[in-house]
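Please open the model in your viewer, show it as a cartoon, and keep the selection tool at hand. The stops below go from one selection to the next, with a word on what is found at each.

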Amino acid sequence: MHFDVLTIFPELIETFRSVGVLGRAVDKEIIGLEAHDLRDWADNKWRQLDDEPYGGGAGMVLQAPPVLTAVRELAARGEPPRTIVLGPRGRVLDQQLAEELAREDRVVLLCGRYEGFDERIFEILELEEISVGDYILGGGEVAAMALIEAVTRLVPGVVGDPESVAEDSFGCGLLDHPCYTRPSVVEEKCVPDVLRSGNHEAIRRWRLERAVEATVTKRPDIVKRSWERYPEEVRSLIRRFAPSLEPASEDE
Ligand SMILES: C[S@@+](CC[C@H](N)C(=O)[O-])C[C@H]1O[C@@H](n2cnc3c(N)ncnc32)[C@H](O)[C@@H]1O
């Protein structure tokens, strides 16, 4: 899978691509990640891309022509990519969308700055917009990095142990269970006995119960969305912890 990121701060992406799990995936060529300086497409010697907004008001706006050229040039370098603008008006990134994006071969990510892009780029390029949440960032780079990290860890071979990805929060419609490591006692707080019992079935059941308990307590909205894909064991635990979250059956 290959990402091209268009940004006025490519150095942010350069650092990000060279560390940790993603850095190893880039080294092994499982993931391609290139940052491109949008200013390389500026049409003036000052490499300026922004201008004042028509109608007046605060802030500057990224001009359409250099962005149009940049996106088209990158698209022409390989297979037609899925081209995404990071922006607060878009579909909110969640695990389902990350899974969908992980099946793509090529993704171009366009990072805004200032007040954002001239609106015409959305109409001309028919761009898809993705948000990372209902708050405003200073630029699209942090959003792009969140998207890349969420998506790439779902690409086979990126995370060494695929089971750890499968067990992450959201993957199966549940938040993750609590984790503990040595030492066994921290400021008089002990690790739950079951985790040191060696009884694998008891440990599995305890973890599932804690995952269900955390989900019904902290994110009941996830339970409502995920009910259809829960196995019976999970449904019966939800009935035990929070019976009101079971969706009403259709013939009631
Ligand atoms: C300061 S913001 C522009 C905000 C814009 N004036 C508005 O109120 O919607 C600059 C850039 O940050 C990025 N950005 C800000 N918030 C974001 C979010 N929640 N998700 C994704 N990108 C975001 C976008 O690329 C945006 O063009």
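Which residue stands opposite valine 85 in strand 7? Select valine 85 and look across to strand 7, where the residue standing opposite is glutamate 129. Bear in mind throughout that what you are viewing is a predicted model.

**The whole chain**

Zoom out before going further, and colour by secondary structure, which comes to 10 helices and nine strands. The radius of gyration is 23 Å, well over the 18 Å that the globule rule gives for 252 residues, so the protein is more spread out than a compact globule. Turned along its principal axes, the C-alpha trace spans about 70 × 50 × 40 Å. Buried residues make up 25% of the 252 residues, and of the contacts between residues at least 6 apart in sequence, 72% join residues at least 24 apart.

**The sheet**

Next, select the five strands that form an open, parallel sheet, and follow them in the order 2-1-6-5-7. At the edges you will find strand 2 (32-37) and strand 7 (128-131), each of which pairs on one side only. Going from one strand to the next, the twist averages 35°. As background to what you see here, strands of a sheet pair through backbone hydrogen bonds, either parallel or antiparallel.

Now isolate strand 6 (106-111), which is mostly covered, since five of its six residues are buried. Strand 1 is joined to strand 6 by five bridges, and the two run parallel; to see one place where they face each other, select valine 5, which stands opposite leucine 109 in strand 6. Strand 5 also pairs with strand 6 in the parallel sense, over five bridges, and here the pair to select is arginine 82 with valine 107, the latter in strand 6. Strand 5 covers residues 82-92 and is joined to strand 7, again in parallel, by five bridges; this is where valine 85 and glutamate 129, from the opening question, stand opposite each other.

**Helices packed on the sheet**

With the sheet still shown, add helix 3 (residues 64-75), which packs on it and touches strand 1 (2-7), strand 2, strand 5 and strand 6, its direction making about 165° with that of strand 6. Within helix 3, select proline 65, which counts as partly exposed because it has 14 C-beta neighbours inside 10 Å. From proline 65, draw a distance to aspartate 43: the two are 22 residues apart along the chain, and their C-alpha atoms are separated by 8.8 Å.

Then add helix 6 (residues 141-152), which lies across strand 1, strand 2, strand 5, strand 6 and strand 7, and runs at about 155° to strand 6.

**The shell around the ligand**

Which residues are closest to the ligand? Of the 18 residues that surround it, the closest are Gly112, Gly116, Leu137, Gly140 and Ala143. Strand 5 gives the most to this shell, with three residues. Coloured by class, the shell shows eight nonpolar, eight polar and two charged residues.

**Backbone exceptions**

Most residues other than glycine have a negative phi, and most peptide bonds are trans; the next three selections depart from that pattern.

Start with tyrosine 114, in the loop between strand 6 and helix 5 (120-125), where phi is positive at about 55° although the residue is not a glycine. Tyrosine 114 is partly exposed, with 17 other C-beta atoms within 10 Å.

Move on to glutamate 126, in the loop between helix 5 and strand 7, which likewise has a positive phi, of about 50°, without being a glycine. Is glutamate 126 buried or exposed? It counts as exposed, having 8 C-beta neighbours inside 10 Å.

Finally, select arginine 182 and proline 183, which are joined by a cis peptide bond with omega of about 0°. Proline 183 is found in the loop between helix 7 (162-166) and strand 8 (185-186).

**Last stop: strand 8**

End the tour at valine 185, in strand 8, which counts as exposed, with 9 C-beta neighbours inside 10 Å. From valine 185, draw a line to leucine 137: the two are 48 residues apart in sequence and 40 Å apart in space, C-alpha to C-alpha. Leu137 is one of the residues closest to the ligand, so that this line leads you back to an earlier stop.

Methods: Residues numbered from 1 in each chain as written. Predicted model: local features only at pLDDT ≥ 70, side-chain atom pairs only at ≥ 80, totals over all residues. Helix = DSSP H or I, 4+ residues; strand = E, 2+ residues; numbered from the N terminus. Rg over C-alpha atoms; globule rule 2.2 N^0.38 Å. Buried ≥ 20, exposed ≤ 12 C-beta atoms within 10 Å, placed from the backbone. Contact = placed C-beta atoms within 7 Å. Pairing = 2+ DSSP bridges. Axes fitted to C-alpha atoms, helices over the stretch in contact; angles between N-to-C directions. Near = placed C-beta within 6 Å. Nonpolar A, V, L, I, M, F, W, Y, C, P; charged D, E, K, R; others polar.
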